[in-house]
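Me: I have a new model open and would like to practise reading it feature by feature. Could you take me through it?

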Amino acid sequence: MAYTSVQITANSSDYQSQMKSAATQMKELSSEFKLAQAQANAFGTAADALRAKAENLTAKIEVQRNVVSQTSDKQEQLTKKLTEQKSKQEELKSKIEAATKAYEASAKATGEDSDETKELKDELDKLGQELKESESAIGKTETALSKQATAANNAKADLANMEKELEDVNNELKNHKLNEFASACDTAGQKMESFGKKASVVSAGIAAIGAASIAAFKEMDEGYDTIVTKTGATGDALEALEESANSVFTQMPVEMATVGEAIGEVNTRFQSTGTELEDLSALFIQFAEINGSQVTQSVDQVDKIMEAWNIDTSETANLLGLLTSKAQETGISVDTLESYVLDNNSTFKEMGLSLERSINLMAQFDANGVDATTALAGLKKALNNATSDGKSLDEALEETIGSIKDASTETEALQIATELF
């Protein structure tokens, strides 16, 4: 019996590609084992079935050893990256300390309004922003490293389980414990398909699989492959994601490829699993369908908005509802609205506007033909003019933005803003 090649490209640098390749090969091996088992049951002996299982496990173990190697290498890369990021962060802290001393010395010697002091203040602010970005990057790397450590440990555990199962099968084959093997056959398929298990494709036998079943398998397979590509998940983690995809797929009239896209992207962006992952994925699929947008882009943009505004995951539904409502009210596309809000979030925060008010205002800008970029640039200019007259930034913001911020409606805020520009 010829088994599928289990060679993983040794010189590939794409980790997700490696994981996808491993999952695909595991799936093919499981499929081949089903055929070999069916043939052994129909035409061979129990010993033939045992030998087929032993050969299949041997091939799977070779693939799994490559998975262990890849996940461990990825973990080492992330550990090195984290070390480098923390080293750069310490360098930034030293620069900030030196810049702070220089600024304080200049302010004392030449005054806070001198060109020298202002330049030093700008440099200090720039370093402070770099430090914030560094802290954010370190946090993301630490999260990724934690997930990768779990993936590496799971891969090692899966390998140990496979090796133990092979040992048991070899002992069984050697001693011809046919009765014991017969009773274990019923659960063999479940044990052997920890990679690439396709729970919704069930057949009474190889010969009974028709064209419809094959088409369904291919559709499910496409969705599962998308999950692997987006998450890099393997073993138990991959099986849990596939189960969530199955749950969403059975509840919604959409293609499995779309479900896989949503599951993979939401899991990656929000680190959600289980029921939360399924609920959020269903929400984003509905959101994309209603607004004519792409699932991946929608998840990406919304995640960035929530991160920028420090919005909890539990508020995702409210945010999607607000974006949809304003898009329908004004005719602006959600993609454009999301980009406006995300690109200008710093300006909105400076003005003291909430995320909800910012979304409303940007939608009104677009609906009334006011170019958002021009409007915000004009607003910044108004602030600069105010501060050049000797007013502090806080005073200028309060004077220039106060009327917009305190407006009773978004329409009134738009009218005031337009007059200011």
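Reply: Happily; we will go from the overall fold to the core, the rings and the charged pairs. Keep in mind that this is a predicted model.

Me: Let's begin with the fold. How many helices and strands does the protein have?

Reply: The protein has 16 helices and zero strands. Of its 421 residues, 43% count as buried. The accessible surface comes to about 22,000 Å², and carbon and sulfur atoms account for 47% of that.

Me: What share of the contacts between residues at least 6 apart in sequence join residues at least 24 apart?

Reply: That share is 72%.

Me: Now the interior. What is the general idea behind looking for a nonpolar core?

Reply: In soluble globular proteins, nonpolar side chains tend to be buried together. In this model, the largest nonpolar core has 71 residues. Those touching the most other members are Val259, Ile263, Leu319, Leu337, Val341, Ile359 and Met362. Helix α2 (residues 46-110) supplies the largest share of this core, with eight residues. There is also a second, separate core of six residues, with Leu92, Ile96, Leu124 and Leu131 among them.

Me: Let me zoom in on one member. Which residues is Met362 in contact with, leaving aside its neighbours within four places in sequence?

Reply: Met362 is in contact with Leu337, Tyr340, Val341, Asn344, Phe348, Ala372 and Leu376. Two of these partners, Leu337 and Val341, are also listed with Met362 among the residues that touch the most other core members.

Me: Next, aromatic rings. How should I read a pair?

Reply: A pair of aromatic rings is described by the distance of the centres and the angle of the planes. Here the count comes to one aromatic pair. It is formed by Phe270 and Phe284, which are 5.9 Å apart centre to centre, with 45° between the planes. That angle makes the pair tilted, because the tilted class lies between the stacked limit of 30 degrees and the edge-to-face limit of 60.

Me: Why does this pair tie together separate parts of the sequence?

Reply: Phe270 lies in helix α7 (residues 256-270) and Phe284 in helix α8 (residues 274-291), so the pair joins parts that are 14 residues apart in sequence.

Me: Are these two rings buried or exposed?

Reply: Phe270 counts as buried at 10% relative accessibility, and Phe284 counts as buried at 0%. Another ring to look at is that of Trp309: the charged end of Lys349 sits over it, 5.5 Å from its centre.

Me: That brings us to charges. How many salt bridges does the structure hold?

Reply: The structure holds 13 salt bridges. In one of them, the side chains of Glu142 and Lys86 meet at 3.6 Å, N to O. Glu142 lies in helix α3 (residues 115-175) and Lys86 in helix α2, so this bridge ties together parts 56 residues apart in sequence. Glu142 is partly exposed, at 37%, and Lys86 is partly exposed too, at 38%.

Me: Which residues are linked in a network of salt bridges?

Reply: The network links Lys230, Glu265, Arg269, Asp300 and Lys304. Lys230 and Glu265 meet at 2.9 Å, N to O. Their bridge connects helix α5 (residues 211-231) with helix α7, across 35 residues. Lys304 and Asp300 meet at 3.4 Å, N to O. Both of these lie in helix α9 (residues 295-308), four residues apart, about one turn of the helix. As for exposure, Glu265 is buried at 8% and Asp300 at 14%, whereas Lys304 is partly exposed at 36%.

Methods: Residues are numbered from 1 along each chain as its sequence is written. This is a predicted model: local features need pLDDT of at least 70, side-chain atom pairs count only at pLDDT 80 or more; totals for chains, interfaces and linings use all residues. Side-chain values use heavy atoms; hydrogens and water are left out. A nonpolar core is a set of buried Ala, Val, Leu, Ile, Met, Phe, Trp, Tyr and Cys residues joined through side-chain atoms within 4.5 Å. Buried means under 20% relative accessible area, exposed over 50%, partly exposed in between (1.4 Å probe, protein chains only). Helices (H or I, at least four residues) and strands (E, at least two) are DSSP runs, numbered from the N terminus. Contact means heavy atoms within 4.5 Å. Rings of Phe, Tyr and Trp (its six-membered ring) pair if their centres lie within 6.5 Å; planes under 30 degrees apart count as stacked, over 60 as edge-to-face and the rest as tilted. A charge sits over a ring if NZ of Lys or CZ of Arg is within 6 Å of the ring centre and within 35 degrees of the ring normal. Accessible areas come from the Shrake-Rupley method with a 1.4 Å probe; for residues, only the protein chains shown count as cover. A salt bridge is a side-chain nitrogen of Lys or Arg within 4 Å of a carboxyl oxygen of Asp or Glu.
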